[in-house]
Amino acid sequence: MSLRQFFVGGNWKMNGDKESLGELIMTLNTASLNDETEVVCGAPAIYLDYVRSKLDQRIGVAAQNCYKVPKGAFTGEISPAMIKDCGVDWVILGHSERRHVFGESDELIGQKVAHCLENDLGVIACIGEKLEEREAGTTEDVVFEQTKVIADNVKDWTCVVIAYEPVWAIGTGKTATPDQAQEVHEKLRGWLRANVSDAVADSVRIIYGGSVTGGNCKELAAQPDIDGFLVGGASLKPEFVDIINARA
């Protein structure tokens, strides 16, 4: 097994209120979690302060999005500086819902990545192909292009996690098979080796997202190039603990 620390992120998306998130936080705070796994929970922006104040310090917190500049007339947006001011150290960028529901371009996502890293905010950078792209055999072209725009905006990779999330498997109940997921992860690592460096290819964590559950997490976690998960719906349930402990 690699020396890369296993990483499990929970993307709570636009779900929860103080009552339900408080119950989830209590579950996580009292659970027996694998000490060797890094855990980060992506909370709705309005609850970042609340979640960071309640969640055990051994668990990180992420914003689910942010903008590319420190401040200004950008109604509804939040900045890395604001995120940091809440004691939060991570942000999720480029999620397929940001790309395909809200129309964010590769270029904008790259600009966000650069600005966040300049402000010492860790980035979970999401990439992934749509169903028609996979069926057309263009998965590699799509994920390599998305990865290149991210890579062009990274100087220091120590605070970057890449999340491969096939769009056709997000919230659909469909999961890439362990072999399908491993194949893309292996090719992504190869792209990093060829286009960035051996050191980055060996050290950067590439995590999988797309209908990960307590039932399929162990088999996925056993793949050599899958370094963890970005979990959607299951991160709001008690089974999130089982996913965190997939390599325990």
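Partly exposed means a relative accessible area between the cut-offs of 20% for buried and 50% for exposed. Keep that in mind as you work through these exercises on a predicted model.

**Exercise 1. Is Ser 20 buried, partly exposed or exposed, and where does Ser 20 lie?**

Step 1. Find the element: Ser 20 belongs to helix 1, which covers residues 18–30.

Step 2. Take the relative accessibility of Ser 20, which is 32%. Buried would need under 20%, and exposed would need over 50%. Ser 20 therefore counts as partly exposed.

Step 3. Now look along the chain and across space. Ser 20 and Leu 236 are 216 residues apart in sequence, yet their C-alpha atoms are 9.0 Å apart in space.

**Exercise 2. Work out the surroundings of Pro 80: is Pro 80 buried or exposed, and which residues is Pro 80 in contact with?**

Step 1. Place the residue: Pro 80 is in helix 3, residues 80–85.

Step 2. Check the accessibility. Pro 80 has a relative accessibility of 0%, so this residue counts as buried.

Step 3. List the contacts, leaving aside neighbours within four places in sequence. Pro 80 then touches Cys 66, Tyr 67 and Val 69, and also His 115, Cys 116, Asn 119 and Leu 121.

Step 4. Try a pair for distance. Pro 80 and Asp 202 are separated by 122 residues in sequence and by 28 Å in space, C-alpha to C-alpha.

**Exercise 3. Describe the protein chain as a whole: how many helices and strands are there, and does the radius of gyration agree or disagree with a compact globule?**

Step 1. Count the elements: the protein chain has 11 helices and 8 strands.

Step 2. Compare the radius of gyration with the rule. A compact globule of 248 residues would come out near 18 Å, and the protein chain has 17 Å, so the two agree.

Step 3. Add the extent. The C-alpha trace spans about 45 × 45 × 35 Å along its principal axes.

Step 4. Turn to burial and surface. Of the 248 residues, 52% count as buried. The accessible surface comes to about 11,200 Å², and carbon and sulfur atoms hold 50% of that surface.

Step 5. Finish with the contacts. Among those between residues at least 6 apart in sequence, 73% join residues at least 24 apart.

**Exercise 4. Look for empty space: what volumes do the largest pocket and the largest cavity have, and which residues line the cavity?**

Step 1. Recall the idea. Rolling a probe the size of a water molecule over the atoms reveals where empty space is left.

Step 2. Begin with the largest pocket, which holds about 510 Å³ of space. It has 17 lining residues, and the closest to its centre are Met 14, Gln 64, Asn 65, Arg 98 and Phe 102. Sorted by class, this lining has 8 nonpolar, 5 polar and 4 charged residues.

Step 3. Go on to the second largest pocket, with a volume of about 220 Å³. Of its 18 lining residues, Ser 211, Val 212, Gly 232, Gly 233 and Ala 234 are the closest to its centre. Here the classes are 5 nonpolar, 9 polar and 4 charged.

Step 4. Search for cavities. The whole structure has 1 cavity of 30 Å³ or more, and the largest cavity has about 50 Å³ of space.

Step 5. Name the lining of the largest cavity: Gly 94, His 95, Ser 96, Arg 99, Cys 126, Ile 127, Gly 128, Glu 165, Val 167 and Ile 170. Helix 4 (96–100) and strand 5 (122–127) are the elements that give two or more residues to this lining. By class, the cavity lining divides into 4 nonpolar, 4 polar and 2 charged residues.

Key: Residues numbered from 1 in each chain as written. Predicted model: local features only at pLDDT ≥ 70, side-chain atom pairs only at ≥ 80, totals over all residues. Heavy atoms only, no water. 1 Å grid on protein atoms, 1.4 Å probe; cavity = no way out; pocket = protein on both sides within 12 Å on 5 of 7 lines; lining within 4 Å. Points joined across faces, edges and corners; volume = space filled by probe spheres on them. Nonpolar A, V, L, I, M, F, W, Y, C, P; charged D, E, K, R; others polar. Helix = DSSP H or I, 4+ residues; strand = E, 2+ residues; numbered from the N terminus. Buried < 20%, exposed > 50% of the residue type's maximum accessible area, 1.4 Å probe, protein only. Contact = heavy atoms within 4.5 Å. Rg over C-alpha atoms; globule rule 2.2 N^0.38 Å. Areas by Shrake-Rupley, 256 points an atom, 1.4 Å probe, with all protein chains shown as cover.
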